[in-house]
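Please open the model in your viewer with the whole chain on display, and keep the selection tool at hand. The tour starts with the overall fold and then moves from one site to the next.

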Amino acid sequence: MDNVTTPSTSRNQQWREELRRSLSPKMRTAIPRVKMPELAPDYRITCNDEVNQGITKEMAMQEAQRCLDCPNPQCVTGCPVGIDIPGFIKNIERGNIEEAAATLRQTSALPAVCGRVCPQEKQCESRCIHLKMQGQPVAIGYLERFASDYVRTNGLSKPAQCAPSLGVKVAVIGSGPCGLSFAGDMSKLGYSVTVFEALHEIGGVLKYGIPEFRLPNSVVDTEIDALRQMGVEFQKDCIVGKTITYDDLHQMGFKGIFVASGAGLPRFMNIPGENLGGVMSSNEYLTRVNLMGAGREGYDTPVMQGKRVAIIGGGNTAMDSVRTALRMGAEKAMLVYRRSDAEMPARAEEVKHAREEGVEFLTLHNPIEYLGDEKGRVCTMRLQQMQLGEPDASGRRSPVPIEGAIKDIPVDLVIVSVGVSPNPIVPNSITGLEVSKRGTIVVDETSMQSSITDIYAGGDIVRGGATVILAMGDGRRAAQHMHQALSK
């Protein structure tokens, strides 16, 4: 915990040296990257079965041979939680999958989740030495998923070891990836951790935001159970700032508070017609389907359904929404994005899966108005055709309208996925807490400590929007610094 971005130094150099000698670097780089087995597109759109089926032990061990076990592994510097990537991969190569999973568990509270949904291609895999040799990176994400799934399905999962109890209580507000990562690290250090969750299920965005065809709930539940075995307590249906207050937490004996309440407030574009029936946010749509069972047998949760469905946006949430719409019976599912394919922020794998499943991509188009029928329900979206101009502040080329290039397309459901804002309940309920103009909690970027000394924060409530792994990195960093403060 002294440095969360440094890999574990507990490496058995003898067996690792034997592995290095077993294959030359030339032989290792000649091994082709493993391909992930997938369900066929025509079948998978009929159900919520996970699309990526996972790799076998034989496939994993061969892929692990591709790792050159670099003396200065740059893949680790690309991992926000500092996983000992060569360490766990080399354990897979020698067939010791339990040790590989234990190595992952040292620094990651959610390895089976991260192996599925983290953008490895932009993080750890983007630093792989294979890329400098014009090759494909080692499939770190596939191997992380394999090791975690292997111990889970074979009954070999073991929770991380925890230090003796310090008798100090800390509270976590929110049970998403950031809060769970923080809870795991604080529990390892010997703190008594209680996680408060506003919803009726633990997991935050992992449960309400990510569909089961990408991240099964059973996988999330297993990771949460591992935290329970470490002593972490969970309290559902509790809204901090409403059900209980910041002062109540003090009276309950909590010495430190970590806010990881996320960004569940949807944004809209403020264009005419957004108040029509049949126009909704991706947050509401995915929550009703993923968390509340809309459309599934035995659930009464209502959700709007359409035959011609348009999703507005180009991120992973938009991709999840459009692929969910197909599974909910849409005959035509369209993704409307104002930039080109090259600027689309969604993972390349998700874009590929969406295309395979029949999603129509309307790139370089932007909605400017929705028109309704006599019952007040959306029936048409009016699109402005765009072209790319000069780069904006983020480096992406800004879309500009093409004068007179407007088209009307029939729709009966529109799902808006253009971003989210931080949940305002916690920031607004604590007097003296510094909050930015965007509604995010202001923290020291190194320690994650807020303007109130016993409150730390991370994830979407600080960033306004973050990937699972970046949120987890915030949680680990906050745990390190809260521990230092409480130990004085």
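Accessible area, as the term is used here, comes from the Shrake-Rupley method with a 1.4 Å probe. On that basis the protein, which is a predicted model, exposes about 21200 Å², and carbon and sulfur atoms supply 49% of this area.

**The whole chain**

Begin with a cartoon view, in which the protein shows 20 helices and 15 strands. Along the principal axes, its C-alpha atoms fill a box of roughly 75 × 60 × 50 Å. The radius of gyration is 23 Å, which agrees with the value near 23 Å that a compact globule of 488 residues would have. If you colour by accessibility, buried residues make up 54% of the 488 residues. Among contacts between residues at least 6 apart in sequence, 70% join residues at least 24 apart.

**The largest nonpolar core**

In soluble globular proteins, nonpolar side chains tend to be buried together. Here, select Ile-85, Phe-88 and Ile-92, which touch the most other members of the largest nonpolar core, a set of 89 residues. Helix H20 (residues 468-486) provides the largest share of this core, with seven residues. Now centre on Phe-88 and show its surroundings: leaving aside neighbours within four places in sequence, Phe-88 is in contact with Ile-83, Ala-100, Thr-103, Leu-104, Ile-140, Leu-143 and Glu-144.

From there, move to Thr-107, which is placed in helix H7 (residues 97-107). Is Thr-107 buried or exposed? Its relative accessible area is 12%, so Thr-107 is buried, the cut-off being under 20%. Not counting residues up to four places away in sequence, Thr-107 touches Val-81, Gly-82, Ile-83, Asp-84, Lys-188 and Arg-476.

**Helix H10 and the aromatic pairs**

Next select Ser-148, found in helix H10. Ser-148 is buried, with a relative accessible area of 7%, and, leaving aside neighbours within four places in sequence, Ser-148 is in contact with Leu-104, Pro-111 and Ala-112.

Keep this helix in view and turn to ring pairs, of which the model has three when aromatic rings are paired by centres within 6.5 Å. In one of them, the rings of Phe-146 and Tyr-150 have their centres 5.6 Å apart and their planes at 45 degrees, so the pair is tilted. Both residues lie in helix H10 (residues 140-153), four residues apart, which is about one turn of the helix. Phe-146 counts as buried at 6% relative accessibility, whereas Tyr-150 is partly exposed, with a relative accessible area of 23%.

Another pair is formed by Phe-196 and Phe-254, whose ring centres are 5.8 Å apart and whose planes stand at 80 degrees, so the pair is edge-to-face. This pair links distant parts of the chain, since Phe-196 belongs to strand S2 (residues 192-196) and Phe-254 to strand S4 (residues 254-259), 58 residues apart. Both Phe-196 and Phe-254 are buried.

**Charges over rings**

Select Arg-327 together with Phe-213, and look for the arginine over the face of the ring, at 3.9 Å from the ring centre. Then select Arg-355 with Phe-361, where the charged end of Arg-355 sits over the ring, 4.0 Å from its centre.

**The second core and Leu-326**

A second, separate core of 26 residues includes Met-280, Leu-326, Ala-330 and Leu-413. Centre on Leu-326, whose place is in helix H16 (residues 316-327). At 11% relative accessibility, Leu-326 counts as buried. Which residues does Leu-326 touch, not counting those up to four places away in sequence? They are Ile-45, Ala-333, Glu-357 and Val-359. A distance label drawn from C-alpha to C-alpha between Leu-326 and Gly-306, 20 residues apart in sequence, should read 9.7 Å.

**A last stop at Arg-377**

Finish with Arg-377, in the loop between strand S10 (365-372) and strand S11 (378-391). Arg-377 counts as partly exposed, at 28% relative accessibility. Not counting residues up to four places away in sequence, Arg-377 touches Gly-277, Gly-278, Gln-305, Leu-371, Gly-372 and Asp-412. The C-alpha atoms of Arg-377 and Gly-273 are separated by 9.4 Å, although these residues are 104 residues apart along the chain.

Note on methods. Residues numbered from 1 in each chain as written. Heavy atoms only, no water. Helix = DSSP H or I, 4+ residues; strand = E, 2+ residues; numbered from the N terminus. Buried < 20%, exposed > 50% of the residue type's maximum accessible area, 1.4 Å probe, protein only. Contact = heavy atoms within 4.5 Å. Phe/Tyr/Trp six-rings, centres within 6.5 Å; stacked < 30°, edge-to-face > 60°. Lys NZ or Arg CZ within 6 Å of the ring centre and 35° of its normal. Rg over C-alpha atoms; globule rule 2.2 N^0.38 Å. Core = buried A, V, L, I, M, F, W, Y, C linked by side-chain atoms within 4.5 Å.
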